[in-house]
Amino acid sequence: VLRFQGSSARIAGYVRLPYEVLAGRTVAVDNEQRFDVSFGAAEFLRWIDEGADQPARRDAHWLSPLPPSSGWRRLEEIPGSTVRELIQAGAELARTTDTRAYQESLLSSVVLTASAAAAVASTERARVPRAAGLDGPALQAADVRLGPLSALTKMGFLPRGSTVAVDVAPGWTRVAAAFGSAYSASASPLSLLGGMLSEPSA
């Protein structure tokens, strides 16, 4: 399912990927119209690429919270080459086994710790996990999993010679590349949904 939100001369599109990763891209547009719609991915692509009929809305099929549109804090910018090396190392480890559980654990493992002071790359989980949470100190650093980094290359968001920014907001971590971003929630889905429901409607 694809979800699109339009507001303030921009359109943001999101798709839910495996392993609790959300990929998204925001583009500037001339239209100020506000909307929030969801479509089936295959139907939407047929509509755009082949001129098929406009697909039926699938709003009720999107049950996940969305990251905030503002309030992000940038921690670090990481060379794209470093990100690709981490992804390649993970891929090489994944090829050593055909066990799905092991491959899933690789994508869920922390490979990068970014902070306002420095970014530390590692192939092992940090001894003290520090993810972007709902409290102030947690916004000083974030552990980044392999899954969101892999999403940047799989979605074509990370061109050669570019950088990846690690940003945090309450409950979320974002890895932002030149052509799009990957998001992971660092708070429980219920707390994130609660925050969305408590926001006043526009």
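The legends below describe four close-up views of a predicted model.

**View 1. The open sheet and its two edge strands.** Eight strands make up an open sheet, and they follow one another in the order β4-β1-β2-β3-β11-β10-β9-β5, with antiparallel pairing. At the edges stand β4 (35–39) and β5 (73–79), each of which has a single partner strand, so one side of each is left without a neighbour in the sheet. On average, and with direction ignored, neighbouring strands of this sheet are turned by 20° against each other.

**View 2. Strands β10 and β11, with helix α4 packed on the sheet.** Strand β10, which covers residues 172–177, is joined to strand β11, residues 180–185, by six bridges, and the two strands run antiparallel. To follow this pairing at the level of single residues, the reader can start from W172, whose bridge partner in β11 is A185. Helix α4 packs on the sheet, where it touches β2 (10–17), β3 (21–28), β9 (163–169), β10 and β11, and the direction of α4 makes about 160° with that of β11.

**View 3. The second largest pocket and the surroundings of L107.** The second largest pocket has a volume of about 350 Å³, and 17 residues line it, of which Y19, L107, G147, S150 and K154 lie nearest its centre. The elements that give two or more residues to this lining are α2 (80–94), α3 (100–108) and α4 (146–154), and the most is given by α4, with five residues. What kinds of residue make up the lining of the second largest pocket? The lining residues divide into 12 nonpolar, four polar and one charged. L107, one of the residues nearest the centre of the pocket, has its place in helix α3. When neighbours within four places in sequence are left aside, L107 is in contact with Y19, R145, L146, G147 and S150. L107 and G90 lie 17 residues apart in sequence, while in space they are 7.8 Å apart, taken from C-alpha to C-alpha.

**View 4. An aromatic pair in helix α1.** The count of aromatic pairs in the model comes to seven, and among them is the pair formed by F44 and W47. The arrangement of F44 and W47 is edge-to-face, with 5.8 Å from centre to centre and 80° between the planes. Because F44 and W47 are three residues apart in helix α1 (residues 41–50), they are separated by about one helical turn.

Conventions. Residues numbered from 1 in each chain as written. Predicted model: local features only at pLDDT ≥ 70, side-chain atom pairs only at ≥ 80, totals over all residues. Heavy atoms only, no water. 1 Å grid on protein atoms, 1.4 Å probe; cavity = no way out; pocket = protein on both sides within 12 Å on 5 of 7 lines; lining within 4 Å. Points joined across faces, edges and corners; volume = space filled by probe spheres on them. Helix = DSSP H or I, 4+ residues; strand = E, 2+ residues; numbered from the N terminus. Nonpolar A, V, L, I, M, F, W, Y, C, P; charged D, E, K, R; others polar. Pairing = 2+ DSSP bridges. Axes fitted to C-alpha atoms, helices over the stretch in contact; angles between N-to-C directions. Contact = heavy atoms within 4.5 Å. Phe/Tyr/Trp six-rings, centres within 6.5 Å; stacked < 30°, edge-to-face > 60°.
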